[in-house]
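The following exercises ask the reader to work through one protein model step by step. Please study the sequence and the structure before turning to the solutions.

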Amino acid sequence: MSKRNLDDVADGAPAGAEAKRVLSRFKSDTGEVLPGGLLDLPVDVTVDKLQAICNALLQQEEPLPLAFYVNNVEVTDTLERYVGGDFSLSEDVVEIVYQPQAVFRVRAVTRCTGSLEGHKEAVISVAFSPDGRHLASGSGDTTVRLWDIFTQTPHHTCEGHRHWVLCISWSPCGTRLASACKNGLIHLWDPGTGKQIGKAMTGHKMWVTSLCWEPYHKNPECLHLASSSKDCDVRIWDTKRAQTCRVLSGHTKSVTCVKWGGGGLIYSASQDRTIKVWRAEDGVLCRTLEGHGHWVNTLALNVDYVLRVGPFQLGATANQTDGPLEYARKQYESVGEERLVSGSDDFTLYLWKPEKEKKPIARMTGHQQLINDVKFSPDGRMIASASFDKSIKLWESNTGVYIASLRGHVQAVYSIAWSADSRLLVSGSSDSTLKVWSMKTKNLSQDLPGHADEVYAVDWSPDGLRVASGGKDKVLRLWQN
C-alpha cells in the first residue's frame, strides 16, 4: 500500500482536511519497527483505522485482530487521549506498539451445568487433560476421580493412595495422569480405564507438593516426571520403570513448587526463600535466584500454556500440515525467551529471566497479604496474581509493571485460571464463589455462586469451552456459557 493510500485510510476524509496530526510509527511487542517509516496520522484516528493501517503494513491477506498500546496503555478509542502536547509543534514520534490477539474467542462461562458428586472429602485439585476432553480431580478422601464431561458422570474412581491426594498432573500427550499424596507416593493412571499404570513411585520421605512433566517437544514419549516435596528434594522419575532417575538436593526447607521449562531447565521454589534453576539432563544446579524475604509459594512460566497443550492443535490456531512434535516445538519457540514469575509469603512477586540471569527483571509490590497463586496468560503477555488480601492483580509480563486490581471477592483468593484466548480470567475463593473477569474492561464479567463452602481449585479447559471447580463442599462443579 502506498504512503498516500495509508494516509487516506487513516484520515477517512479527503486529503487536505484540517486536523491535528502526530508523527507515529508501529512497533511489535518485541521491539521490531514496522517497515513504512514515520506516519503522519490525525490524532482522532480510531482503533479500527489503526487495524487497517497496521495490517496493510504487515501485508496481511487475512487481517489479524490487533491491540494497540501507547506508553503501556491500551488504545481503546482514538489516539488523542493517549498522546499529549501541541501536535502542530511536536517533533516527538509516538510509538504505537501492536500485539496480535487470539483469532478465536472464548465465551465467558455464565452458569453451572453440572454438580459432580462422589468425593467423600474436600476436592483439592482439578485439571482438564491437554485436549480438554477429560477431567480429573484429587481429594482428601485418598482417591483420584476421572469424569465424563459430556454426560457429567463419573468415569472411574482411582484407588491406591492411602492419604490425601494433594496434586495431579496430566502428561502432555494426555494418555497418563500422575497423582501424589501426603504419604509421598506418586501413582500413574490410565484415563481410559482408570487402572493404575505400573507400581507406585516411592522415594520421597514426606508429602509431595507439586508435579510437572517433561515437555512434549523434548520427549514425545512423555517418559519423565518431576516432583517436589516437603522433604526438601526434587526428584526426576522414569515413569516407565517407576524409578528415580535423579535427586535434586540443595534446598534447606520444603520445596513448594516445581516447573519443567521448555529449554531443558527445571525450576524449584522453596520455603528457604530461594528459587533454584537445575539442568534437567544431568541435575546440575545452574543458579539460585534470591530476593524474597519469606517462603516462595508459587511459580509460573510464560510458556506454561503451550507446554500444557503440547501437540494438541486446539481452536482456530490448528495447522494440520505440522506433525505433533513439530507443532509442539513451533508453539514453544513462538513464545520467545522463557520468563518466570514467583509469588511469596512476603506479599511480593519477582519476575526473572531464569535461563541466563540471577538478577530479577522486576520486584512487583502492592499485595497486602501472601500470594497464593500466579499465572501467565496463555499468550504470555500478562501476569495475574491471587492473594489472601481478597484481590487479584494484573501485571505487564515483560516489565512487571502494575496494570490493575480486580476486586470483588470478600475472602482470600485461592486459585486462578485463564481462558485460552487470554481475554478472561476465572478465580476461586474462600468466599465460596467463582468470578470471571474481563481483561478488556478489567472488571467483573460474571459472578458464579453455587459452591456451599470454600473453592480450593479452578481450571479452564484448554479448548476454552468449560471451567471446573472444586473445594471444601466435596463437589465438583462444571460451568459453561
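**Exercise 1: A charged pair between two loops**

Glu 337 counts as partly exposed because its relative accessibility is 28%, where partly exposed lies between buried (under 20% relative accessible area) and exposed (over 50%), with a 1.4 Å probe and protein chains only. The model is predicted, so local features need pLDDT of at least 70 and side-chain atom pairs count only at pLDDT 80 or more, while totals for chains, interfaces and linings use all residues. Residues are numbered from 1 along each chain as its sequence is written, and side-chain values use heavy atoms, with hydrogens and water left out.

Task: Identify the side chain that meets Glu 337 in a salt bridge, and state where both residues lie.

Solution.
- Step 1. Apply the definition: a salt bridge is a side-chain nitrogen of Lys or Arg within 4 Å of a carboxyl oxygen of Asp or Glu.
- Step 2. The partner of Glu 337 is Lys 353, at 3.7 Å from N to O.
- Step 3. Lys 353 lies in the loop between strand E24 (349-352) and strand E25 (362-364), and Glu 337 in the loop between helix H4 (324-335) and strand E23 (340-344), so the pair ties together parts that are 16 residues apart in sequence. Helices (H or I, at least four residues) and strands (E, at least two) are DSSP runs, numbered from the N terminus.
- Step 4. Lys 353 is partly exposed because its relative accessibility is 26%.

**Exercise 2: Salt bridges between strands**

Task: Determine which residues pair with Arg 21 and with Arg 25, and how far apart the partners are in sequence.

Solution.
- Step 1. Recall the principle: side chains of opposite charge can pair when their charged atoms come close.
- Step 2. Arg 21 forms a salt bridge with Asp 40, with 3.1 Å from N to O. This pair links distant parts of the chain, since Arg 21 is in strand E1 and Asp 40 in strand E2, 19 residues apart.
- Step 3. Arg 21 is partly exposed because its relative accessibility is 22%; Asp 40 is also partly exposed, at 30% relative accessible area.
- Step 4. Arg 25 forms a salt bridge with Glu 95, with 2.9 Å from N to O. Here, too, distant parts of the chain are linked: Glu 95 is in strand E5 and Arg 25 in strand E1, 70 residues apart.
- Step 5. Glu 95 has 26% relative accessibility and therefore counts as partly exposed, and Arg 25 is partly exposed at 28%.
- Step 6. For the total, the structure holds 16 salt bridges.

**Exercise 3: The second largest pocket**

Task: Describe the volume and the lining of the second largest pocket.

Solution.
- Step 1. Fix the term: on a 1 Å grid over the protein atoms alone, a pocket is an open set of points with protein on both sides within 12 Å along at least five of seven lines, and lining residues have an atom within 4 Å of a point.
- Step 2. The volume is about 1,200 Å³, taken as the space filled by probe spheres set on the grid points, which are joined across faces, edges and corners.
- Step 3. The lining consists of 43 residues, and those nearest the centre of the pocket are Ala 67, Phe 68, Tyr 69, Glu 74 and Gln 99.
- Step 4. The elements that give two or more residues to this lining are E1, helix H2 (47-57), strand E3 (66-70), strand E4 (73-74), strand E5 (94-100) and strand E29 (402-407). E3 gives the most, with four residues.
- Step 5. By class, the lining has 17 nonpolar, 14 polar and 12 charged residues. Ala, Val, Leu, Ile, Met, Phe, Trp, Tyr, Cys and Pro count as nonpolar, Asp, Glu, Lys and Arg as charged, and the others, Gly among them, as polar.

**Exercise 4: Positive phi values**

Task: State where Arg 273 and Phe 347 lie, and give the phi of each.

Solution.
- Step 1. Arg 273 lies in the loop between strand E19 (265-270) and strand E20 (274-279), and its phi is near 80 degrees, a positive value in a residue other than glycine.
- Step 2. Phe 347 is in the loop between E23 and E24; although not a glycine, Phe 347 has a positive phi of about 75 degrees.
- Step 3. Arg 273 is partly exposed because its relative accessibility is 46%, and Phe 347 is partly exposed because its relative accessibility is 36%.

Technical notes
1 Å grid on protein atoms, 1.4 Å probe; cavity = no way out; pocket = protein on both sides within 12 Å on 5 of 7 lines; lining within 4 Å.
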